[in-house]
Amino acid sequence: MTATIHKIGGHQVPSLDPILKLVAPGMNKVNAVILDRMQSEIPLIPELAGHLIAGGGKRMRPMLTLACAQLLNYPGDRHHKLAAAVEFIHTATLLHDDVVDEAPERRGFLSVYALWKTKASVLAGDYLLAKGLLLSLENKDFRVLELLSDAVRRMSEGELLQLEKSSLLNITEEDYFSIISNKTASLLASACAAGAYTVNQDEKQVDLLRQFGENTGIAFQIKDDLFDYGTDDVGKPTGNDIREKKLTLPLIFTLKSVPKETRRFLLYTIK
C-alpha cells in the first residue's frame, strides 16, 4: 500500500486515502448498519442520527476494525456490525464531550449540544453507547463486548483525570500520557482488537493489533494537540485547549523548561 502525501499548513503529512480505498466497500456496509440501527419510533432519534451522520468525520475507528479483519483475511461480515458498534461508542463520547466542554460546534457544524441542549445530548449519548454494546453481542461476541466495555471505562477515567488536573493546573508528562492513553488510544486499541478477534481468537495476535491501535491513538492525540498551537491553516480551530485550561504536551514541556517567573506568568494567564 503506497502512502499518499497531502499538505497541511505547508507541511507534508501522510494521507488516509490508501486505507480509505482498502476499506471503502466495507465502510459502505458499516454506514448501512448505522442508518438501520438508528431507526426508531421516537422521531428525535433518527433526527439526531441524521445530523450526526451529516457531520461526517473520518470514521477512523471503524476503518481500523475493518482493516485489521482484512489484514487477517477475514471472509465473513461480522466485522461490519463490530465496526458500527465502535462508531456508535465513539459518537456517544463526542456527544458527552460537547456537553462537558459546552462546545457550540463539531467538525464545522452546530453541535447536538448547541441545537438540542444538554438533556438531549446526554440521553442521545447514552442511547448510542447502549446500541454499540448491544451490537457487539449480536453474534455472542462476549470477548469483543469485554474489549469495548473496557475502552468505555478507560475513556471515562481519562476524562475524569483530565477534569481533575485541569482544575489544579498541575498536570505532569506522566499524567498527560495516562490521559491520552485512556481518552483517545483505548478505543482505537479496542477497535483493532475487535477486528482481529473476529478472525483469530489467538490472544497474542489480538494483543499485537491492540497495541498497534493504542500506539496509533497516542500518536494521533499528540499530533492533534500540536495542531492546537498551529496557525489557522491546519484545518481545525486552534487555541481551544488553552481556553479550556487543558495542559497538553507542548505546554507541559514549556512550563518545565522556562524560568520560575515565566512559569508563574503563564499559569496566571491560563487561569
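**Entry 1: two loops**

I began with Lys-140, which I found in the loop between helix H5 (112-135) and helix H6 (142-168). The model I am reading is a predicted one. I looked up the backbone of Lys-140 and noted a phi near 60°, a positive value in a residue other than glycine. Most residues other than glycine have a negative phi. I then checked the surroundings of Lys-140 and recorded a relative accessible area of 61%, so this residue is exposed.

I next turned to Asn-73, which sits in the loop between helix H3 (60-71) and helix H4 (78-101). Asn-73 is not a glycine, yet I read a positive phi of about 60° for it. Asn-73 is exposed, because its relative accessible area of 66% is over the 50% cut-off.

**Entry 2: two arginines**

Is Arg-59 buried or exposed? I located Arg-59 in the loop between helix H2 (44-54) and H3. Its relative accessible area is 15%, and the cut-off for buried is under 20%, so I entered Arg-59 as buried. I then asked which residues Arg-59 is in contact with, leaving aside its neighbours within four places in sequence. I listed Met-27, Asn-31, Ile-34, Ile-53 and Glu-87. With Glu-87 I also noted a polar contact, side chain to side chain, at 3.3 Å.

For Arg-153 I turned to helix H6, where this residue lies. Arg-153 has 40% relative accessibility and therefore counts as partly exposed. I also looked up its separation from Glu-244: Arg-153 and Glu-244 are 91 residues apart in sequence, and their C-alpha atoms are 23 Å apart in space.

**Entry 3: helix H8**

I followed helix H8 from residue 203 to residue 227, a run of 25 residues. From its first C-alpha to its last, H8 reaches 36 Å, close to the 36 Å expected at 1.5 Å a residue. At the N-terminal end of H8 I found a cap, Asp-202, with a side-chain oxygen 3.0 Å from the backbone nitrogen of Lys-204.

Which residues of H8 are buried? I wrote down Val-206, Leu-209, Gly-213, Glu-214, Gly-217, Ile-218, Gln-221, Asp-225 and Phe-227. I kept a general point beside this list: an α-helix has 3.6 residues a turn, so residues three or four places apart point the same way.

**Entry 4: the whole chain**

I then stepped back to the chain, which has 11 helices and 4 strands. Its C-alpha atoms fill a box of roughly 60 × 40 × 35 Å along the principal axes. I compared its radius of gyration, 19 Å, with the value near 18 Å for a compact globule of 271 residues, and the two agree. Buried residues make up 45% of the 271 residues. The chain exposes about 14500 Å², and carbon and sulfur atoms supply 58% of that area. Of the contacts between residues at least 6 apart in sequence, I noted that 67% join residues at least 24 apart.

**Entry 5: confidence**

Where is confidence lowest in the chain, and where is it highest? I found the lowest mean, 51, in strand E1 (residues 5-8) and the highest, 96, in helix H7 (residues 173-199). The mean pLDDT of the chain is 88, and 92% of its residues reach 70 or more. I closed with a caution: where pLDDT is low, the predicted coordinates should not be read in detail.

Key:
Residues are numbered from 1 along each chain as its sequence is written. This is a predicted model: local features need pLDDT of at least 70, side-chain atom pairs count only at pLDDT 80 or more; totals for chains, interfaces and linings use all residues. Side-chain values use heavy atoms; hydrogens and water are left out. The expected span of a helix is 1.5 Å times one less than its number of residues. Buried means under 20% relative accessible area, exposed over 50%, partly exposed in between (1.4 Å probe, protein chains only). A polar contact is a pair of N or O atoms within 3.5 Å; within protein, one must be able to donate a hydrogen and the other to accept it, and residues adjacent in sequence count only if both atoms are side-chain atoms. The radius of gyration is taken over C-alpha atoms; the globule rule is 2.2 Å times the number of residues to the power 0.38. Contact means heavy atoms within 4.5 Å. Accessible areas come from the Shrake-Rupley method with a 1.4 Å probe; for residues, only the protein chains shown count as cover. pLDDT is the predictor's confidence in each residue, from 0 to 100.
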